[in-house]
Amino acid sequence: MKRMIAIVSLLLVLTGVLSACGSDSKSAQAEEKVTVKIGLLKNVTHAPGFIAFKKGYLQDGFGPNVTIEVTAFDNGSDFSTALATNQIDLGYVGPGPAINQYLKSKNIRVISGSNNGGAVLIAGKEAGIHSVSDLKGKTVSIPTKGSTNEISLRLLLQQAGLQVTTNTSGVQLITRNPADTLVAMRQKEIDATLIPEPWGTQMVEEGSGVVLVDWDKIPPNDGNYPLTILMASDKFLKEHRELAKKAINANLEGINFIQDHPTEAYSLISDELKELSGKGMDTELIKAALDHLNLTQAVDLAVIKTMAKVSFDAGYIKGIKEDGLDLSEFIDLSLLDEVNKENK
């Protein structure tokens with residue numbers, strides 16, 4: 001009997017030791033230092049992300065054991081490549097280049113919306129352009145090939161019965177980043193541009209351009225299309241799902257702050273732009289940009305599919321047939337749903 005009691009006692013001791021080890025293991029895991037690499041474009045249309053940084057929503061959500069590294073990108077193609085190759089973990093980008101990259105690598109996902117619309121078609125003030133049809137034989141700039149802005153432009157041209165060509169029989173496209181586009185418009189190097197705000201407003205205010213198609217008439221869906229989305233790599237989602245949810249929540253907090261405190265938001269956005277690009281922006285221009293977009297977490301799959309079809313027809317999506325444009329897993333809003341339920 002004494003021997004049986006001794007054995008039971010020994011087992012209880014061992015169980016306590018193992019339990020303590022398990023507890024220590026969980027504690028160590030909880031205290032693990034993590035670096036999260038986040039990508040941003042130097043555009044006002046990424047404003048919710050800017051606010052999430054400036055107000056500390058991201059860092060507060062991630063906690064003290066997480067170090068945030070920010071990389072600023074000039075275009076969505078470079079961002080999407082970096083995300084797919086795990087150079088960054090998550091961040092903000094336009095759907096055009098993200099779609100193209102996803103169909104190549106299938107290892108990046110949309111986890112939330114951030115901003116719909118916010119781009120305008122501007123014509124040179126003295127270019128003699130009064131409608132989209134007048135763009136025939138003209139040169140139009142876009143920020144980068146395969147961008148969301150190019151998709152919208154191609155849809156506008158289709159509606160007017162025009163094609164993208166390399167001669168004057170149609171419309172010739174060139175790429176210029178927004179700052180260089182401003183200079184190109186002043187120097188009449190280009191006839192028109194489809195460009196994110198506030199660059200269009202700036203051209204109008206300085207007298208070099210006029211609005212040809214306003215933001216709420218830009219296709220697809222009359223301006224109500226995703227221009228900025230929050231994305232993450234599959235690797236990050238697998239390893240740090242809870243941190244991805246914190247990023248989604250920080251994005252929502254950024255949206256809410258801009259809507260509730262717009263004046264303070266303008267200054268914070270300018271400050272973040274200065275950190276990313278070395279130059280801030282006049283707050284009136286930032287206000288004009290935010291007035292020309294719809295901040296939202298929503299992502300419309302039908303609109304995304306329309307954009308993918310345009311990219312495919314333009315030759316940016318290679319190696320698959322049209323019936324292979326499967327975007328059913330490109331958008332994963334399961335984490336967003338969880339965040340919204342937790343916030344209720």
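Visitor: Which helices each supply at least two residues of the lining of the largest pocket?

Guide: This is a predicted model. Three elements fit that description here: helix H7 (178-186), helix H8 (199-206) and helix H11 (262-277).

Visitor: Which of them gives the most to the lining?

Guide: H7 does, with five residues.

Visitor: How much space lies in the largest pocket?

Guide: About 540 Å³. The lining comprises 21 residues. Closest to the pocket centre are Lys42, Pro178, Ala179, Trp199 and Ser277.

Visitor: How do the lining residues divide by chemical class?

Guide: Sort each residue by its type, then count. Ten are nonpolar, seven polar and four charged.

Visitor: Now the whole chain. How many helices and strands are there?

Guide: The chain has 14 helices and eleven strands.

Visitor: What does the C-alpha trace span along its principal axes?

Guide: About 105 × 50 × 30 Å.

Visitor: How should I read burial, and what share of the residues is buried?

Guide: Use relative accessible area; a residue under 20% counts as buried. By that cut-off, buried residues are 51% of the 344 in the chain.

Visitor: And the accessible surface: what does it come to, and what part belongs to carbon and sulfur atoms?

Guide: The total is about 16000 Å². Carbon and sulfur atoms hold 49% of that area.

Visitor: Last, contacts. What percentage joins residues 24 or more positions apart?

Guide: Start from contacts with a separation of 6 or more. Of these, 78% are between residues 24 or more positions apart.

Definitions and conventions: Residues are numbered from 1 along each chain as its sequence is written. This is a predicted model: local features need pLDDT of at least 70, side-chain atom pairs count only at pLDDT 80 or more; totals for chains, interfaces and linings use all residues. Side-chain values use heavy atoms; hydrogens and water are left out. On a 1 Å grid over the protein atoms alone, a cavity is a set of points where a 1.4 Å probe fits but cannot get out, and a pocket is an open set with protein on both sides within 12 Å along at least five of seven lines; lining residues have an atom within 4 Å of a point. Grid points are joined across faces, edges and corners, and a volume is the space filled by probe spheres set on the points. Helices (H or I, at least four residues) and strands (E, at least two) are DSSP runs, numbered from the N terminus. Ala, Val, Leu, Ile, Met, Phe, Trp, Tyr, Cys and Pro count as nonpolar, Asp, Glu, Lys and Arg as charged, and the others, Gly among them, as polar. Buried means under 20% relative accessible area, exposed over 50%, partly exposed in between (1.4 Å probe, protein chains only). Contact means heavy atoms within 4.5 Å. Accessible areas come from the Shrake-Rupley method with a 1.4 Å probe; for residues, only the protein chains shown count as cover.
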